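This briefing concerns charged and polar side-chain contacts. Please look over the sequence and the model before reading the points that follow.

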Amino acid sequence: MDIFKDILDLRLIDYVDVVLVALLLYYVYKLVKGTVAINIFIGIIIIYLVWKLTEFLDMQLLTGIFGGFMKVGIIALIVVFQPEIRKFLLMVGSTNFNRRRKFLKQLKFLKTETSDETDIDAIISACNKMAMTKTGALIVFERNNNLDFLSSSGDEMNIKVTQPIIESIFFKNSPLHDGAIIVSNNIVKATRVILPLNNEKNIPQRFGLRHRAAIGVTEKTDALALVVSEETGHISYFKDGEFVVYKDSNQLNSMIKNDLS
């Protein structure tokens, strides 16, 4: 009964505090989910619990060793979780408010026919056609993180997404085919974009710079990426810096739509 009494005694600000902490933990989980960072995070928790256990058992030598480690824990966390911290700060500092407005449009009482929903069907069809001719392509989908800092490295555009447009951009003789394109709300907002490469992960030798660039941009931001290999014609999908396995084009289509929703 004391527990229920304590709950009733909580102030409104206490409930707000709990909700905010829950949201913070949720976003931290989203950042480290599916990465090696989650294993490192679990390892740090285990070390902390062992430290408290040795302190409880009055094991002075081990307590001193673990205590010294925990004292520099903040610096260690910054070093170890640098990509995740960068991604979190980028998510907070460069929020794409268009995505928030899109969320409001999805509410039933405001729901209208939206024209800013990215035409994934057209993009997948274009990729399948380019795959048949082994035409290399790199398509980046902007989500919550604003990618204007990357768009500035290429040519800013404002072209509605259609299958012919995607194919013409990556046509081998096109002046725009080098680099990546950034798609946001069914608009090609930039072409010939230079993306950060990832040189740390071991990927199969048959994959080239486009794949490393896709890993790099999806690792540093919450963007999604599609790559059509110029050598094999294979279409690769990337999310959170990782390859995403799919069975066929229909499943790939559904996955991208779900990830963008």
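Accessibility is described here in three classes: a residue is buried under 20% relative accessible area, exposed over 50%, and partly exposed in between, using a 1.4 Å probe and protein chains only. The model is a predicted one, in which local features need pLDDT of at least 70 and side-chain atom pairs count only at pLDDT 80 or more, whereas totals for chains, interfaces and linings use all residues. Residues are numbered from 1 along each chain as its sequence is written, and side-chain values use heavy atoms, with hydrogens and water left out.

**Salt bridges in total**

- With a salt bridge taken as a side-chain nitrogen of Lys or Arg within 4 Å of a carboxyl oxygen of Asp or Glu, the count comes to eight.

**A pair within one helix**

- Helices (H or I, at least four residues) and strands (E, at least two) are DSSP runs, numbered from the N terminus; in helix α3, which spans residues 36–56, Lys 52 and Glu 55 are three residues apart and therefore separated by about one helical turn.
- The side chains of these two residues, Lys 52 and Glu 55, meet in a salt bridge with an N to O distance of 3.4 Å.
- Glu 55 is partly exposed at a relative accessible area of 39%, and Lys 52 is likewise classed as partly exposed, at 33%.

**A network around Lys 189**

- Glu 142, Asp 148 and Lys 189 are joined in a network of salt bridges.
- Between Lys 189 and Glu 142 the closest N and O atoms are 2.9 Å apart, and this salt bridge links distant parts of the chain, since Lys 189 belongs to strand β4 (residues 187–193) while Glu 142 sits in the loop between β1 (137–141) and α9 (148–151), 47 residues apart.
- Between Asp 148 and Lys 189, also paired in a salt bridge, the closest N and O atoms are 2.8 Å apart; here too distant parts of the chain are linked, with Asp 148 in helix α9 and Lys 189 in strand β4, 41 residues apart.
- Lys 189 is buried at 16% relative accessibility and Glu 142 is buried at 4%, whereas Asp 148 is partly exposed at 41%.

**A polar contact to Glu 142**

- The side chains of Ser 184 and Glu 142 are joined by a polar contact of 2.8 Å, a term for a pair of N or O atoms within 3.5 Å in which, within protein, one must be able to donate a hydrogen and the other to accept it, residues adjacent in sequence counting only if both atoms are side-chain atoms.
- Ser 184 lies in strand β3, residues 180–184, and is buried at 10% relative accessibility.
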